[in-house]
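Thanks for asking me to look over this one with you. I have put my notes in numbered points, so you can follow along with the structure open beside you.

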Amino acid sequence: MDSAGSSGVRFEASTDSLPEGERCDWFHEVIAGEIAPVRIAVERPADFRADLAVLDLGGVKVSTFSYPALRSWRTPALIRRSDPEIYSLALMTESSMWISQRRTEAHLKHGDAVLFDSSHPYQAGTAGRDGAVRVTIVQLPRTRMPLPADRVDRLLAGRLSTQAGTGAIWRTFVTALAAHGPDCAPPGLERLGTLVVDLTGEFLAQHLGSSDELPAPNRRRLLMRRIDTFIDGNLGDPGLAPGTIAAAHHISVRYLHHLFRPDGQSVAATVRRRRLARCRADLARPELAALPLDAIAARWGFSSTTVFGRAFRTAYGTTPGEFRKQAARTAALRTSSANAAR
């Protein structure tokens, strides 16, 4: 049931291969090891079925759990016995549940999130008897949380909406990471772990009413992610320029250039490089073979075919037309080889 390797999935398992009498005990041990030791009471032990997958991002984990109706308790005695000192931010993806901690109680449905802390007692349970609960949990060591603990504690066991703003971005990113993270190489997973920390911090900071409490490096990384997304979404606009980008993010052009300086490439060069990459990809697509070069150039924001051709040759050492012909020959050769292999 364990699976380890370069994919990043440290643990992936299901009760399906276990005898019915061992399933509840196994799940209890898994929760103790992957989240924190708890007491568990299962409503229908004979029908118990659960599965999980844990993605390790270098100290930060993204876990998915599916389980039937149950109740759980993390008691003071269990905390004294073992405390991993982690925050868990749980996203409900199916069914509903409730959780209480530090005199606050949240009732959660699909799309809601809730924060809880392994260092304080809590109780949790499913809201209904039928259907499996599915939840995705981001686990951060307390030392990785980019916000002060006394501020974060105000959010414990409070319902957090993920329907708009940073919450929606966090939900989309975490859901995609849980599904596709195992396909990433370990170095990439560690970088994604840093992004999880930044997005989680921003999500919680917005619920606290201020993003200014995030450390400067976290704020810069989040701002750069938003700028990158904006650039990618507007490459086809010929008016995309430093002034446009800065205005969209309520910063000065000077500060925008300052943000790009550590990467060693100017804002304009970044836009041009990404436009060229999109053009190059289109030129290699057989279904776009009849699309004129000037149409491809205009599609990705180049003001003229001459400007596009000059930039393309500088970047790739060949003209757009020559590249398109070579890409067509390569595609035809691959098709011929594939047909011969049959």
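The points below go from the whole chain to its strands, cores, helices and rings.

1. **The chain as a whole.** Please keep in mind that this is a predicted model. The chain has 342 residues, and 44% of them count as buried. Its secondary structure comes to 12 helices and 12 strands, and the C-alpha trace spans about 75 × 60 × 30 Å along its principal axes. Among contacts with a separation of 6 or more, 69% are between residues 24 or more positions apart.

2. **Strand β11 and its two partners.** A good place to begin is β11 (133-141). Because 8 of its 9 residues are buried, β11 is largely enclosed by the rest of the structure. It pairs with β4 (residues 61-67) in the antiparallel sense through 7 bridges, and Ser66 stands opposite Arg134 there. β6 also runs antiparallel to β11, with 8 bridges between them; here Ile86 faces Pro141 as its opposite number.

3. **Strand β9, covered on both faces.** In a regular strand, side chains alternate between the two faces of the sheet. How many of the residues of β9 are buried? The count is 6 of 6. Asp112, Val114 and Phe116 are buried on one side, while Ala113, Leu115 and Asp117 are buried on the other. You may want to look at the two Asp residues, Asp112 and Asp117, since both are in that buried set.

4. **What β9 pairs with.** β9 is joined to β6 by 5 bridges, in the antiparallel sense, and Tyr87 has Asp117 of β9 as its bridge partner. β9 also runs antiparallel to β12 (residues 159-161), with 3 bridges joining the two. In that pairing, Asp112 is matched with Ser161 of β12.

5. **The β7–β8 hairpin.** β7 (residues 97-101) and β8 (residues 104-108) are antiparallel and share 5 bridges. Ile99 has Ala106 in β8 as its bridge partner. The hairpin has 2 residues between the strands, and Arg102 takes a positive phi near 55°.

6. **Ser100, buried or exposed?** Ser100 belongs to strand β7. Its relative accessibility is 16%, and the cut-off for buried is under 20%, so Ser100 counts as buried. Beyond its neighbours within four places in sequence, Ser100 contacts Glu105, Pro121, Tyr122, Gln123 and Ala157.

7. **The largest nonpolar core.** This core has 31 residues, and those with the most contacts inside it are Leu57, Leu89, Leu115, Val138, Trp170 and Leu204. β6, β9, β11, α4 (165-180) and α5 each give two or more residues to it. Which element gives the most? That is α5, with 9 residues. A second, separate core of 30 residues includes Phe27, Val30, Ala50 and Tyr67.

8. **Leu115 up close.** If you click on one residue of the largest core, try Leu115. Setting aside residues up to four places away in sequence, Leu115 touches several residues, including Tyr87, Leu89, Gln101, Val152, Leu155 and Leu204.

9. **Helix α6.** This helix covers residues 216-233, which makes 18 residues, and reaches 26 Å from its first C-alpha to its last, close to the 26 Å expected. Its buried residues are Asn218, Leu222, Leu223, Met224, Ile227 and Ile231. Their cover includes α5 (186-208), α7 (242-248), α8 (253-260) and α9 (267-283).

10. **Aromatic rings and charges.** The whole structure holds 8 aromatic pairs. Phe302, Phe308, Phe312, Tyr316 and Phe323 make up one aromatic cluster. Tyr316 appears again in a charge contact: the charged end of Arg280 sits over its ring, 4.9 Å from the centre. Elsewhere, Arg39 lies over the face of Trp73, 4.8 Å from the ring centre.

11. **Glu29, for contrast with Ser100.** Glu29 lies in helix α1 (residues 20-34). With a relative accessible area of 57%, against a cut-off of over 50%, Glu29 is exposed. Its C-alpha atom is separated by 55 Å from that of Ala241, and these two residues are 212 residues apart along the chain.

Technical notes:
Residues numbered from 1 in each chain as written. Predicted model: local features only at pLDDT ≥ 70, side-chain atom pairs only at ≥ 80, totals over all residues. Heavy atoms only, no water. Phe/Tyr/Trp six-rings, centres within 6.5 Å; stacked < 30°, edge-to-face > 60°. Lys NZ or Arg CZ within 6 Å of the ring centre and 35° of its normal. Helix = DSSP H or I, 4+ residues; strand = E, 2+ residues; numbered from the N terminus. Expected span 1.5 Å × (residues − 1). Buried < 20%, exposed > 50% of the residue type's maximum accessible area, 1.4 Å probe, protein only. Contact = heavy atoms within 4.5 Å. Core = buried A, V, L, I, M, F, W, Y, C linked by side-chain atoms within 4.5 Å. Pairing = 2+ DSSP bridges.
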